[in-house]
Amino acid sequence: MRLIGTASTSSSSLQEVTSVSKQYENDVGSSKTNWEEQAQVLRPLVERVVQHYEHYYRAKSRWVKLDVLAMLSPTWRSSLEDAFSWIGGWRPSMSFHLLYSKSGLQLEAKLHDVSRGLPTGDLADLSPIQLTRVDELQRVTLREEKELTEKMAKAQETVTELMSRYPSREKGSGSGIMGNEVKSTIESKKAKLEKIFHRADDLRLRTLKATVDILSPIQAVHFLMAAAEIHLRLHDWGKKTDASSIMVMVTVAVLVRKG
């Protein structure tokens, strides 16, 4: 089994939801719109996309058990993605930033229709009840996110404190004891990191599913499409940046040799 990351999941999800979104885009607000029929068609699609994410996190969980340290910074992820990473993945609270941002953009684009009381069928149509539920979910998510961040920081601090007691220059008869203590501590921390990682992934998935549950089927399609797009763009930009950095380093190395 080889875990590629959410790139393939995002790609397949984006293709599916984009196709359906375009299919319904021209019907919104017209006499063609049948909201119940639309919901019946879109709900299975949304469920399939969510199942893609569930499958990914199940596969990821198996790999975390094998090597949690490698999964904190996997080889398929770019330096840019690493910079925005939180405990081996996306920060759950980003879901709300994305939702509000996309809602604002769609509201601005269809302000004329909204002012006339016409439904837009997208995230510009978020109701007061939906906004209240999103706010409640955000508060709960932020509390859990903060708790996991603090646990992660504590685990890192413990390892740092241990390593500082045994500078690399120290050698001698105590090196065997030192090595055993460091190894034992790191192994115990890896077990704790694994638990933190699993909780972080669980929070990511729960936040995604809870957000989708608040939205109507067509709104969920727009949200999932935006989530897939931002992931793929970040991945592509990161890979291009890494490639440019490698070219710069190679050029510098050649010039140094010539000099």
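What follows is a short walk through one predicted model, from its overall make-up to its salt bridges, its second largest pocket and a few single residues.

Let me start with the chain as a whole. It has 9 helices and 0 strands, and read from the N terminus on, its elements run α-α-α-α-α-α-α-α-α. Of the 259 residues in the chain, 37% are buried, while the accessible area that the chain exposes comes to about 15600 Å², with carbon and sulfur atoms supplying 56% of it. If we take the contacts with a separation of 6 or more, residues 24 or more positions apart account for 82% of them.

I turn now to the salt bridges, of which the count comes to 9. In one of them Asp201 pairs with Lys60, and the closest N and O atoms are 3.0 Å apart; Asp201 sits in helix H8 and Lys60 in helix H2, so that this pair links distant parts of the chain, 141 residues apart. Are these two partners buried or exposed? Asp201 counts as buried because its relative accessible area is 7%, under the 20% cut-off, and Lys60 is likewise buried, at 2%.

A further salt bridge joins the side chains of Glu144 and Arg206, at 2.7 Å from N to O, and here the link runs between helix H7, which holds Glu144, and helix H8, which holds Arg206, across 62 residues. Arg206, with a relative accessible area of 36%, is partly exposed. Coming back to the earlier pair, salt bridges that share partners join Lys60, Asp201 and Arg204 into one network.

The side chains of Arg91 and Glu145 also meet in a salt bridge, at 3.2 Å from N to O. Because Arg91 lies in the loop between H4 and H5 whereas Glu145 belongs to helix H7 (residues 128–165), the pair ties together parts that are 54 residues apart in sequence. The partners are covered to differing degrees, Arg91 being partly exposed at 30% relative accessible area and Glu145 being buried at 6%.

Next, the second largest pocket, which holds about 190 Å³ of space. Its lining is made up of 13 residues, and Arg43, Val46, Glu47, Val212 and Asp213 are the ones that lie nearest its centre. Helix H2 (35–66), helix H8 (175–214) and helix H9 (217–258) are the elements that give two or more residues to this lining, and the largest share, 6 residues, comes from H2.

Thr211 is also in helix H8, and it counts as buried because its relative accessibility is 1%. Apart from neighbours within four places in sequence, its contacts are Ser95, Phe96, Leu99, Leu137 and Phe223.

Two loop residues deserve a word. Ser78, in the loop between helix H3 (68–72) and H4, is buried at 0% relative accessibility. Which residues does Ser78 touch, not counting those up to four places away in sequence? They are Leu234, His235, Gly238, Lys239 and Asp242, and the C-alpha atoms of Ser78 and Thr241 are separated by 8.4 Å although the two are 163 residues apart along the chain. Ile87, for its part, is found in the loop between helix H4 (79–83) and helix H5 (94–109), has a positive phi of about 50° without being a glycine, and is buried at 9% relative accessibility.

Finally, on the surface, Leu107, Leu111 and Val114 form a nonpolar patch with about 220 Å² of accessible area together, and Leu111 has its place in helix H6 (residues 111–115).

Technical notes:
Residues are numbered from 1 along each chain as its sequence is written. This is a predicted model: local features need pLDDT of at least 70, side-chain atom pairs count only at pLDDT 80 or more; totals for chains, interfaces and linings use all residues. Side-chain values use heavy atoms; hydrogens and water are left out. Patches are made of residues with over 30% relative accessible area and no salt bridge: like charges are joined within 9 Å, nonpolar side chains (Val, Leu, Ile, Met, Phe, Trp, Tyr) within 5 Å. Accessible areas come from the Shrake-Rupley method with a 1.4 Å probe; for residues, only the protein chains shown count as cover. A salt bridge is a side-chain nitrogen of Lys or Arg within 4 Å of a carboxyl oxygen of Asp or Glu. Helices (H or I, at least four residues) and strands (E, at least two) are DSSP runs, numbered from the N terminus. Buried means under 20% relative accessible area, exposed over 50%, partly exposed in between (1.4 Å probe, protein chains only). Contact means heavy atoms within 4.5 Å. On a 1 Å grid over the protein atoms alone, a cavity is a set of points where a 1.4 Å probe fits but cannot get out, and a pocket is an open set with protein on both sides within 12 Å along at least five of seven lines; lining residues have an atom within 4 Å of a point. Grid points are joined across faces, edges and corners, and a volume is the space filled by probe spheres set on the points.
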